[in-house]
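Visitor: I would like a close look at a single part of this chain, taken slowly enough for a first-year student to follow. Could you begin at the surface and then lead me inward from there?

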Amino acid sequence: MNALRFPARLAVDVLVAAVVCVGVGILVARGLVSGPVAGVDPALATATLTVAAATVGAGAAILSVVVGRLFGDLRMAWLAPALVLYCVVVLPWTAAAPGATLDVPHRLARLVAYATALILLVVAVRPPRRLGWWGGWVVAALGAVATVTALTVPGTEPVRVIVEGPIPTFVVLVGWVVVAVGFVVDALTRRSMPRARIGLGLVVIAAAQLYRLVAPTGATSSLAFGALRFLGLAIVLVGVAQLAAAALSSVRRRETVQREELETAARHMERAAEHAAERDHELRNGIAGLAGITHLLGADPGDDEHERLKLAVLSELGRLHRILDGEELTVDGTYAVEPVLSGLVALRAAGSDQQVELDVEPGLRACGDSAVLSQVVANLLANCERHAPGAPVTLTARGDGPAVVVDVRDHGPGLPPGDPESLFERGTRDAGRGGSGLGLHISRRLAEHDGGSLVLLPGGNGLAGGGPGTVARLRLVAADPAAENVDDRIPGRN
């Protein structure tokens, strides 16, 4: 069906143009649009049609410039100066002074302008690339200079023979036929309906020239010729306008694609910046947890506390190493909760003045990656130290049906006024306490990665004894006691 669409549409256009041309010829021949029947002066009607044709052609020339630039089409770049010369110089000159009233120099000058326009149209079928975008305008300018020069030529007998003999008729008729055939062949090769309409319009103009040659000389034939020429230029304008619309649509599509690519690149850059900021945040927290511990590891290695502290340091170093390597978190493993939390508490006790009391229900196991629990609790303990300095912290873990609930409670000033959910937004921070505003945002995202959740509650909500402060409640998926895929590695290490 697609293969037949172009020939069918072209056939319809040709049929419509033929019917309109024949109809115009019949109306003019019977005097239905001029003469005593219509009450219109044929000479005035012919001049009006000539000016209208010049206006339409000038519009087509302007659109040709636009299409040439947008499409990068040299054919349109050469078509534009040809139409300008023909419609802005030749046609108004014809309307102002018919050929019979011109002297020899003026008729020669008009012939030079006409011949230049036809040369440009012929070259526009296959323009030379080496002449570039401005080649057509240079030729048009040279033609204009030659036209002005022709006005100074004396009206000698040889010159009169040239302008009054068969040479002008031959140049005009053959030129339009070559132009029309060239554009039609180009359109058929490209299977482009807009270009086919440009070629069809030029065919109508060529037919008008042939009609003027074979028809009897008179006002009626001049009117018919003017009407056909106007019709041909109108068809050319339609074809060029369709090309311009297609070019603008192509530009809009390219702009849309480029805008989407830029938006995608911006999102990738934003996400990369987020990853970099988050990694920097986690590394800072990890380094802060390890600060001041090195000298303790140089103590008597026979001490049990020394061994537990060494394992905690190795665990934290392994977690930081995974962050630096950009390793993906696992989601299908299980791990013991107590070693992760006891290691973090040991690091806190050795590396800072923060007092953390740990209470873990025996035998707790969670699903997912132990690095998630380690990273989230490390962030929460860092928040407690930043927003409740010197206040004791209670870290508890218990089973709650299908979940493992880990509470980090401080005895500080409590939650700030407002919705606690706003504290999880990226970049939310207390300017007086420092921080990057990333800890809670990262922690919730990590918890949700393992199928859990993280919320902030007032200190007295759900805990025996109530009291001031804040509770950060982390819920993780509890492991099936019968699960075989168990991760008993040191958290964060391979």
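Guide: In this predicted model, Val122, Phe170, Val174 and Val178 make up a nonpolar patch on the surface, with an area of about 330 Å². The element that gives the most to this patch is helix H8, which covers residues 167-190 and contributes 3 residues. Phe170 is found in that helix, H8, and Phe170 counts as exposed because its relative accessible area is 57%, where the cut-off for exposed is over 50%.

If you follow the chain onward from H8, you come to the loop between H8 and helix H9 (193-214), and in this loop lies Arg191. The backbone of Arg191 deserves a pause, since Arg191 has a positive phi of about 50° although it is not a glycine. With a relative accessibility of 46%, Arg191 counts as partly exposed, so Arg191 belongs to a separate class from exposed residues, for which the value must be over 50%.

From the surface we can now turn to the interior, where H8 appears again. The largest nonpolar core has 39 residues, and those with the most contacts inside it are Leu79, Tyr86, Trp176, Phe183, Ile198, Leu202 and Leu233. At least two residues of this core come from each of helix H3 (42-71), helix H4 (74-96), helix H5 (104-125), H8, H9 and helix H10 (219-290). Among these contributors, H4 provides the largest share of the core, namely 10 residues.

One residue of the core, Leu233, shows how parts of the chain that are separated in sequence come together. When its neighbours within four places in sequence are left aside, Leu233 is in contact with Ala53, Val56, Gly57, Leu83, Tyr86, Cys87, Leu91 and Ile205. Apart from this core lies another one, of 35 residues, which includes Val376, Cys384, Val408 and Leu474.

Tyr86, which is among the residues with the most contacts inside the largest core, also leads us to the aromatic rings, for which the count comes to 2 pairs. In one of them, Tyr86 and Tyr114 form a tilted pair, with 5.5 Å from centre to centre and 50° between the planes. This pair links distant parts of the chain, as Tyr86 sits in helix H4 and Tyr114 in helix H5, 28 residues apart, and both Tyr86 and Tyr114 are buried.

The rings of Tyr86 and Trp176 have centres 5.3 Å apart and planes at 70°, so this pair is edge-to-face, a label that applies to planes over 60 degrees apart. Here too distant parts of the chain are linked, for Tyr86 belongs to helix H4 while Trp176 belongs to helix H8, 90 residues apart. Both Tyr86 and Trp176 are buried, and through the ring pairs Tyr86, Tyr114 and Trp176 are linked into a cluster.

To place this part within the whole, it helps to step back to the full chain, whose secondary structure comes to 15 helices and 7 strands. Of its 494 residues, 44% count as buried. Among contacts between residues at least 6 apart in sequence, 75% join residues at least 24 apart. The chain exposes about 24,800 Å², of which carbon and sulfur atoms supply 63%.

Terms used:
Residues numbered from 1 in each chain as written. Predicted model: local features only at pLDDT ≥ 70, side-chain atom pairs only at ≥ 80, totals over all residues. Heavy atoms only, no water. Patch = residues over 30% accessible without salt bridge, like charges linked within 9 Å, V, L, I, M, F, W, Y side chains within 5 Å. Areas by Shrake-Rupley, 256 points an atom, 1.4 Å probe, with all protein chains shown as cover. Salt bridge = Lys/Arg side-chain N within 4 Å of Asp/Glu carboxyl O. Helix = DSSP H or I, 4+ residues; strand = E, 2+ residues; numbered from the N terminus. Buried < 20%, exposed > 50% of the residue type's maximum accessible area, 1.4 Å probe, protein only. Core = buried A, V, L, I, M, F, W, Y, C linked by side-chain atoms within 4.5 Å. Contact = heavy atoms within 4.5 Å. Phe/Tyr/Trp six-rings, centres within 6.5 Å; stacked < 30°, edge-to-face > 60°.
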